Amino acid sequence: MVEFRDWIIREGIDIMSDAEVIDYIKQYFIYNNDGTFTRTDKKNSKGSLDKDGYLIIKIKGKQYKAHRLVFAYHNGKFPTMEIDHINRNRTDNRIENLREVDRQTNVDNTTRKPNPDTGTVGIYKDKCTKGLKAIYSFRYKGKTYRFRTLEEALNKKEELLYGK
């Protein structure tokens, strides 16, 4: 069986260590104050947005999220935890807008969007019952609560969360 490293070498794929990537971006990238990079090794190569709205930059065939490259460029190492965009704008990669945080802190700095079917956060149209019994549902502490009306669901959710 061919070893992975031998296969990589045979295929001509270049694997770079974190330190080599950092050296590469310091040599071939110019950091702009607006949080963008200008490449000196390739023209018209500013990256592209991924499906989640983050800027992706390809280096030697591998894709990197731009905010992780900005962090590494300024700190000399890649982050060991998650990178949080303080202002919640995924394309704002200014170093003063980035911070290394744990998962919970990153989740706490997100905005939950209302469900398009109900217009409220956390309450959904229940697709299991197909409307025969209860139409609206939400989960709280591992339990699913189901209700016939949106108003009943909102009242129960408020009662559970705030004791009202």
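F138 stands opposite Y145 in strand 10, and I start with this pair since it leads into one of the sheets of the model. Strand here is used for a DSSP run of E with at least two residues, and helix for a run of H or I with at least four residues, both numbered from the N terminus. Before going on, I should say that this is a predicted model, in which local features need pLDDT of at least 70 and side-chain atom pairs count only at pLDDT 80 or more, while totals for chains, interfaces and linings use all residues. Residues are numbered from 1 along each chain as its sequence is written, and side-chain values use heavy atoms, with hydrogens and water left out.

Strand 9, residues 136-140, and strand 10 run antiparallel and are joined by five bridges; two strands count as paired if DSSP finds at least two bridges between them. Together with strand 8 they make an open, antiparallel sheet of three strands in the order 8-9-10. Strand 8 (124-125) and strand 10 (143-147) each have a single partner strand, so one side of each is left without a neighbour in the sheet. Helix 5, residues 150-162, lies across strand 9 and strand 10, and runs at about 15° to strand 9. That angle is taken between N-to-C directions on a scale from 0 to 180 degrees, with axes that are lines fitted to C-alpha atoms, for helices over the stretch in contact, where contact means heavy atoms within 4.5 Å.

Let me turn to the other sheet, which is open, has three strands in the order 3-4-5, and is paired antiparallel. Its edge strands are strand 3 (48-49) and strand 5 (62-65), each of which pairs on one side only. Strand 4, residues 55-59, is joined to strand 5 by four bridges; in strand 5, I56 has K65 as its bridge partner, and K58 has Q63.

What is the phi of K60 in the hairpin of strand 4 and strand 5? There are two residues between these strands, and K60 takes a positive phi near 50°, although K60 is not a glycine. K60 counts as partly exposed because its relative accessibility is 44%, given that buried means under 20% relative accessible area, exposed means over 50%, and partly exposed lies in between, with a 1.4 Å probe and protein chains only. R88, also not a glycine, has a positive phi of about 70°, and is found in the loop between strand 6 and strand 7 (98-101).

Returning to the sheet of strands 3, 4 and 5, helix 3, residues 66-75, packs on it, touching strand 4 and strand 5, and its direction makes about 75° with that of strand 5. Within helix 3, the buried residues include A66, L69, V70 and F71, and the helix is followed by G76, with a positive phi near 75°.

Finally, the pocket. The largest pocket is lined by 14 residues, of which Y54, R90, N109, T110 and T111 lie nearest its centre. Strand 6 (82-85) and helix 4 (103-108) are the elements that give two or more residues to this lining. A pocket here is an open set of points on a 1 Å grid over the protein atoms alone, where a 1.4 Å probe fits, with protein on both sides within 12 Å along at least five of seven lines, and lining residues have an atom within 4 Å of a point.
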